[in-house]
Amino acid sequence: MSNTVHFQARGRTVVGCTLLVIALGASVTACMGDDNPLSATPYDAADQISFNGPTDAGKKADPDKPLEVVAEGVDGRITDVTAVDAAGRYVAGELSADGARWHSTSPLAASARYTVRVSTEDGDGAPGRKVLTFETGKPGAKKTLDVSFGPVAGAYGVGQPITAELSLPVSDKAQRAVVERALQVRSTPAVQGAWYWVDDKKLHYRPQEYWPAHATVQVRSNLDGIKIGDRLWGGRSTSLKITTDDRVVAVTDAAAHTLTLYRDGEEVRKIPVTTGKPGFETRNGVKVVLGKEPFVRMRSTTVGIAAGSSESYDLPVHFATRVTWSGEYVHAAPWSVGSQGSANVSHGCVGMSTGNAKWFFREIQEGDIVQVINSGGKTMEPFNNGFGDWNLDWAKWRQGSALTGGTDAADSQEAARLRPTVV
């Protein structure tokens, strides 16, 4: 069997790299058994395929161009193609129904080394195989898209969404799909989740239900060196790892004037509270704890209430647990103890005695859930005032993804675990 490989020019150039055909000299024979050709050792299939990558020493492929493998002749066909770079990133591709052509459908990375394994069969069904290698050149683009993940590494409650901040806006749907496909979130135990494009530079990720208690969530980007769009390439990013603690859910019933804290489904304590009075009703819905402040000074002017008006206030507040950026807290309110458990007299916050607020402050942490029901207020907005992500049902959440938007969410129902509902 001849093992000499000859190279023949294809006659077209891509960014200075001549695209060549890999051709094997004539008289290739397969070592096949008479009874079962599929049991034979695969023969060198170089004479059955052409490949639009560079083969000359020092030549590099243009990462802007898709990878293409074509079956030559009328008797052979391609049965499978696997392309992977040195970092272990696979290239998605599509094989034509007749096996005559395979082409990549995901971008190649710049400055990367690829190994392409091509399986074929001849007219008699005998298997062939060829392994090809090539390198891609540097991107010609000047813009780099960097990704920053949040929150900071650490332990959180089961309601904590993952965030991704992009250094440049991405509005094109196809480009968004490239970005989103490269942002990987893996949790142990495994749960199904999806990204949601809040705007052109911000994405949130959450599971269909809350994260499992005591889970490990790892986030990374595979965008480095990947072409996203015209003159836009992916840059480097720092991976993220967070863990979740117990499943802590605090349910505030504005009509019953109580806050009940549950830990892993078990009621821990029921606390008398007061919520927003008419005109200042507390928002309904699921909110995620944003942080804790041992002391904060609350002024009515920060929420649009004029100083000196009948509704103005300027108060020192202790044990304040923040749930919205606009200033909604669960906090100590010793001035309203007489109304707690019986009437709603606050300007939107959930108030309780100092003792109860100190206990709650100790039990709660960032990422835990505070849910308000039976209030006359509107539902917490999903974004831009904290984390109201859980107030979108799963079907609507998936519509915010560039990969699953508009698709049927029925296939995700079996992943349901911890529903954000009243416990």
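**Entry 1: a sheet**

I began with a sheet, in which five strands run in the order β23-β22-β21-β29-β24. The sheet is open and its pairing is mixed. I note here that the model is a predicted one.

I then looked at the edges. β23 (266-272) and β24 (285-288) stand there with a single partner strand each, so one side of each has no neighbour in the sheet. From one strand to the next, I found an average twist of 20°.

Next I looked up one pairing inside the sheet. Strand β21 (residues 248-253) pairs with β29 in the parallel sense, over five bridges. I picked out Thr252 and found that its bridge partner in β29 is Val372.

**Entry 2: a helix on the sheet**

Which strands does helix α2 touch? I list β21, β22 (258-263), β23 and β29. Helix α2 covers residues 354-363 and packs on the sheet. I also noted its direction, which makes about 145° with that of β23.

**Entry 3: aromatic pairs**

I turned to the rings. A pair of aromatic rings is described by the distance of the centres and the angle of the planes. How many aromatic pairs does the structure hold? I have nine on record, and I looked up two of them.

One of the two is Phe51 with Phe134. The ring centres are 5.5 Å apart and the planes stand at 55°, so I put this pair down as tilted. Phe51 belongs to strand β4 (residues 49-51) and Phe134 to strand β10 (residues 127-135). The pair links distant parts of the chain, 83 residues apart. I checked whether Phe51 and Phe134 are buried or exposed; both are buried. I also found that Phe51 and Phe134 form one aromatic cluster together with Tyr114.

The other pair I looked up is Tyr196 with Phe383. With centres 4.9 Å apart and planes at 35°, this pair is tilted because an angle from 30 to 60 degrees is neither stacked nor edge-to-face. Tyr196 sits in strand β15 (residues 193-199), while Phe383 is in the loop between β29 (369-373) and α3 (394-399). This pair also links distant parts of the chain, with the two positions 187 residues apart. I noted Tyr196 as buried, and Phe383 as buried too.

**Entry 4: charges over rings**

Last, I looked for charged side chains over rings. Arg206 lies over the face of Trp397, at 4.8 Å from the ring centre. Lys292 lies over the face of Phe361, and here I noted 4.7 Å from the ring centre.

Terms used. Residues numbered from 1 in each chain as written. Predicted model: local features only at pLDDT ≥ 70, side-chain atom pairs only at ≥ 80, totals over all residues. Heavy atoms only, no water. Phe/Tyr/Trp six-rings, centres within 6.5 Å; stacked < 30°, edge-to-face > 60°. Helix = DSSP H or I, 4+ residues; strand = E, 2+ residues; numbered from the N terminus. Buried < 20%, exposed > 50% of the residue type's maximum accessible area, 1.4 Å probe, protein only. Lys NZ or Arg CZ within 6 Å of the ring centre and 35° of its normal. Pairing = 2+ DSSP bridges. Axes fitted to C-alpha atoms, helices over the stretch in contact; angles between N-to-C directions. Contact = heavy atoms within 4.5 Å.
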